[in-house]
Amino acid sequence: MTVPFIAGHTLPMNDFYDTRVRTTDVATTEAWLRAQYGRVDLRADEAAYAEHLVGDAAFSLRHLEWSARVDLSYESDRFLVVSSTPGCAWSVGQAEGEFSVSPGMLQPGDRLVARVDHPELEVVTFDPERLAATARTLYGDDDLDVRFRGVDPVSPPLRAYWESTLRWARTQVPIMAEPLVRAHVHRTLAVAALEVFPLVADARERRASALEQAAVYRSATAWLDDHASLPVTIEDAARAAGSSTDGLRRAFAANGCVASTPEEYLELARLSAAHVDLVAADAACTTLALVARRWGFTNVESFAVAYRAAYRREPQATLDR
């Protein structure tokens with residue numbers, strides 16, 4: 001059985017896959033492992049292998065069961081975070097360890113040498129360009145080159161943070177076919193990886209940049225909430241938050257869970273306020289057009305379209321209930 005992506009194999013952009021592989025034949029297991037991982041020495045008369053792979057071009061989650069004793073040498077072409085049950089000793093250059101003791105970060109060009117003895121592994125794979133794009137957005141540095149100083153997490157608390165994030169991500173696997181779920185899982189894991197493992201870039205500068213963007217985001221969203229009924233612009237919000245318009249957009253891209261742009265957030269704030277008015281209004285005393293105009297929607301039809309998308313019902317039905 002073949003899969004659409006393992007190790008160095010690639011996929012068309014945005015393709016989702018959910019694939020399982022299982023074999024109990026020694027020759028098939030060895031051939032499969034060699035095809036995926038390069039140099040492999042299967043040191044057993046009996047062997048079985050199982051893998052569940054789910055993801056897309058940006059990232060993947062992989063659960064592997066190695067019912068065998070294997071020596072392997074593998075050169076990574078992506079960023080991989082690997083953790084396991086006992087039985088996976090590794091070395092990368094001069095560094096060495098056990099993936100059951102601590103998850104490890106492999107990056108493009110790393111040569112992993114491992115001795116595998118009946119473990120189960122969890123592997124998160126990141127496309128280098130997508131991870132770099134997330135890092136540049138998160139830290140507000142358009143020139144940031146994503147490279148890590150080592151394999152191990154920065155600290156035990158951050159190691160625990162990665163492990164809890166991975167456990168949460170695994171709970172999302174049954175619904176990962178949904179693009180929005182997948183995008184959220186990808187971003188959450190990517191941010192965790194960037195925070196947990198030591199980037200070459202100055203950590204204090206990155207942290208200051210991330211905190212500054214979070215502060216700009218909080219200030220701008222509060223200001224937009226307070227001024228949603230007024231004819232304000234995104235430039236007004238940027239000035240109120242002490243940022244440039246470009247800086248405000250970066251802050252939303254890095255921190256926006258509800259909306260990824262300030263324009264989207266302002267529209268949602270106005271929709272929310274209009275919804276409150278519709279719920280409280282007397283249909284005999286007001287009209288849909290009046291409520292729409294009060295919250296900056298000059299066209300009733302465009303307001304109705306946005307309202308239906310947000311609340312899954314007609315605004316007139318809310319007013320008339």
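In this predicted model, six strands make up an open sheet whose order is 1-3-4-11-6-9, with antiparallel pairing. At its edges lie strand 1 (17-23) and strand 9 (104-106), each of which pairs on one side only. Direction ignored, neighbouring strands of this sheet are turned against each other by 15 degrees on average. Within the sheet, strand 3 (residues 48-55) and strand 4 (residues 59-67) run antiparallel and are joined by eight bridges; a residue to look for here is Leu53, which stands opposite Arg62 in strand 4.

A further open sheet is built from five strands in the order 2-5-10-7-8, and its pairing is likewise described as antiparallel. Here the edge positions belong to strand 2 (39-42) and strand 8 (95-98), each pairing on one side only, and the twist from one strand to the next averages 10 degrees. Strand 7 (residues 88-92) is held to strand 10 by five bridges in the antiparallel sense, and Val92 has Leu112 of strand 10 as its bridge partner. Helix 1 (residues 26-37) packs on this sheet, where it touches strand 2 and strand 5, and the direction of helix 1 makes about 160 degrees with that of strand 2.

Where does the structure leave enclosed space? Two cavities of 30 Å³ or more are found in the structure, and the largest cavity has a volume of about 190 Å³. Its lining comprises 17 residues, of which Tyr37, Val82, Leu112, Leu121 and Val123 are the closest to the centre. Leu112 thus appears both in this lining and as the bridge partner of Val92. At least two lining residues each come from strand 4, strand 5 (69-75), strand 6 (79-84), strand 10 (111-117) and strand 11 (120-126). Among these contributors, strand 4, strand 6 and strand 11 belong to the six-stranded sheet, whereas strand 5 and strand 10 belong to the five-stranded one, and the lining of the largest cavity therefore draws on strands of both sheets. By class, that lining has 16 nonpolar residues, one charged residue and no polar residues.

The open pockets can be followed in a similar way. The second largest pocket has a volume of about 240 Å³, and twelve residues line it, with Asp56, Ala58, Arg130, Ala183 and His186 the closest to its centre. Two elements, helix 2 (128-139) and helix 4 (179-196), give two or more residues to this lining, and helix 4 gives the most, with five. The class composition of the pocket lining is five nonpolar, three polar and four charged residues.

Further along the chain, the helices pack against one another. Two packed helices are described by the angle between their axes and the distance between the axes. For helix 7 (residues 245-255) and helix 8 (residues 262-280), that angle is about 70 degrees and the axes are 9 Å apart, which means that helix 7 is roughly perpendicular to helix 8. Leu248, Arg249 and Phe252 on the side of helix 7 make the contact with Pro262, Glu263 and Tyr265 of helix 8. Sorted by class, this contact has four nonpolar and two charged residues, and no polar ones.

Helix 8 also packs with helix 10 (residues 300-311), at an angle of about 90 degrees and with the axes 11 Å apart, so that helix 8 and helix 10, too, are roughly perpendicular to each other. In this contact, Glu267, Leu271, Ser272, Ala274, His275 and Leu278 of helix 8 meet Phe303, Ala306, Tyr307, Ala310 and Tyr311 of helix 10. The class count for the contact of helix 8 with helix 10 is eight nonpolar, two polar and one charged residues.

Notes:
Residues numbered from 1 in each chain as written. Predicted model: local features only at pLDDT ≥ 70, side-chain atom pairs only at ≥ 80, totals over all residues. Heavy atoms only, no water. 1 Å grid on protein atoms, 1.4 Å probe; cavity = no way out; pocket = protein on both sides within 12 Å on 5 of 7 lines; lining within 4 Å. Points joined across faces, edges and corners; volume = space filled by probe spheres on them. Helix = DSSP H or I, 4+ residues; strand = E, 2+ residues; numbered from the N terminus. Nonpolar A, V, L, I, M, F, W, Y, C, P; charged D, E, K, R; others polar. Pairing = 2+ DSSP bridges. Axes fitted to C-alpha atoms, helices over the stretch in contact; angles between N-to-C directions. Parallel < 35°, antiparallel > 145°, perpendicular 65-115°, else oblique. Contact = heavy atoms within 4.5 Å.
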